[in-house]
Amino acid sequence: MKGYFFLLALLYIATMVMNIWSLTHSIPMLMALKNALDIVLFSLCLFGAYGLGFKREYWVPARWRLTYQATLALGVFSVILMGFGERFGMPTPYTEPGIIQLVLMYLPYLLFALPVILYDNTLRKGFQE
């Protein structure tokens with residue numbers, strides 16, 4: 001899991017640069033909220049991936065469960081906002097998104113939530129060598 005943590009850190013850096021860049025520009029309020037929540041939840045997920053990869057115990061499993069559930073829910077919100085925002089009056093990069101574009105929009109949220117799901121399960125069962 002240490003290798004996954006380092007790959008996730010690279011994805012984190014790229015995502016944070018993009019989110020911070022878009023926050024500095026004029027964007028709709030819902031997009032700014034989504035970007036701010038991306039920064040917070042992805043940071044927590046990266047912290048959980050660090051705990052799993054290096055076998056450190058932080059917080060209790062219930063907090064990690066809340067973290068990955070919020071990340072997955074934000075992913076659904078992001079897909080709805082980015083994929084179908086035109087119907088709500090928001091500018092979107094896709095006019096008619098296909099299933100592949102929707103899956104690719106959701107993939108970073110799933111990649112960040114997976115180690116936290118495993119970390120929550122590991123904390124409940126206890127670390128085993």
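**A four-helix chain and its polar pairs**

The side chain of Asn 35 reaches that of Ser 22 in a polar contact of 2.6 Å. This comes from a predicted model, as does everything that follows. Asn 35 sits in helix 2, and with a relative accessibility of just 4% it falls under the 20% cut-off, so it counts as buried. Leaving aside residues up to four places away in sequence, Asn 35 touches Asn 19, Ser 22, Leu 23 and Ile 27.

Stepping back to the whole chain, there are 4 helices and 0 strands, giving an element order of α-α-α-α from the N terminus on. The C-alpha trace spans about 50 × 25 × 25 Å along its principal axes. Of the 129 residues, 38% are buried. The accessible surface comes to about 7700 Å², and carbon and sulfur atoms account for 70% of that. As for how the chain folds back on itself, take the contacts between residues at least 6 apart in sequence: 70% of these join residues at least 24 apart.

Helix 2 covers residues 29–53, and its length can be checked with simple arithmetic: at 1.5 Å a residue, its 25 residues should span 36 Å, and the end C-alpha atoms are indeed 36 Å apart, so the two agree. After helix 2 comes Lys 55, which has a positive phi, near 50 degrees.

Helix 2 also holds a charged pair. Side chains of opposite charge can pair when their charged atoms come close. Asp 38 and Lys 34 do this through a salt bridge, at 2.7 Å from N to O. Both residues belong to helix 2 and are 4 residues apart, about one turn of the helix. Asp 38 and Lys 34 are both buried.

In total, the chain has 3 salt bridges. Asp 120 forms one with Arg 65, where the closest N and O atoms are 3.6 Å apart. That pair links distant parts of the chain, with Asp 120 in helix 4, Arg 65 in helix 3, and their positions 55 residues apart. Asp 120 has a relative accessible area of 1%, so it is buried, while Arg 65, at 27%, counts as partly exposed. Asp 120 also meets Arg 124 in a salt bridge, this time at 3.0 Å from N to O. Here both partners lie in helix 4, 4 residues apart, or about one turn of the helix. Through shared partners, the salt bridges tie Arg 65, Asp 120 and Arg 124 into one network.

Helix 4 runs over residues 99–125 and includes Ile 99. With a relative accessible area of 65%, Ile 99 is over the 50% cut-off and therefore exposed. Ile 99 is part of a nonpolar surface patch, together with Ile 100, Val 103, Leu 104, Leu 107, Leu 110 and Leu 114. Together these residues offer about 650 Å² of accessible area.

Pro 97 lies in the loop that joins helix 3 (61–84) to helix 4. Pro 97 has a relative accessibility of 18%, which is under 20%, so it counts as buried. Apart from residues up to four places away in sequence, its contacts are Gly 83, Phe 84 and Leu 102. Pro 97 and Val 76 are 21 residues apart in sequence, with 15 Å between their C-alpha atoms.

Definitions and conventions. Residues are numbered from 1 along each chain as its sequence is written. This is a predicted model: local features need pLDDT of at least 70, side-chain atom pairs count only at pLDDT 80 or more; totals for chains, interfaces and linings use all residues. Side-chain values use heavy atoms; hydrogens and water are left out. Helices (H or I, at least four residues) and strands (E, at least two) are DSSP runs, numbered from the N terminus. The expected span of a helix is 1.5 Å times one less than its number of residues. Patches are made of residues with over 30% relative accessible area and no salt bridge: like charges are joined within 9 Å, nonpolar side chains (Val, Leu, Ile, Met, Phe, Trp, Tyr) within 5 Å. Accessible areas come from the Shrake-Rupley method with a 1.4 Å probe; for residues, only the protein chains shown count as cover. A salt bridge is a side-chain nitrogen of Lys or Arg within 4 Å of a carboxyl oxygen of Asp or Glu. Buried means under 20% relative accessible area, exposed over 50%, partly exposed in between (1.4 Å probe, protein chains only). A polar contact is a pair of N or O atoms within 3.5 Å; within protein, one must be able to donate a hydrogen and the other to accept it, and residues adjacent in sequence count only if both atoms are side-chain atoms. Contact means heavy atoms within 4.5 Å.
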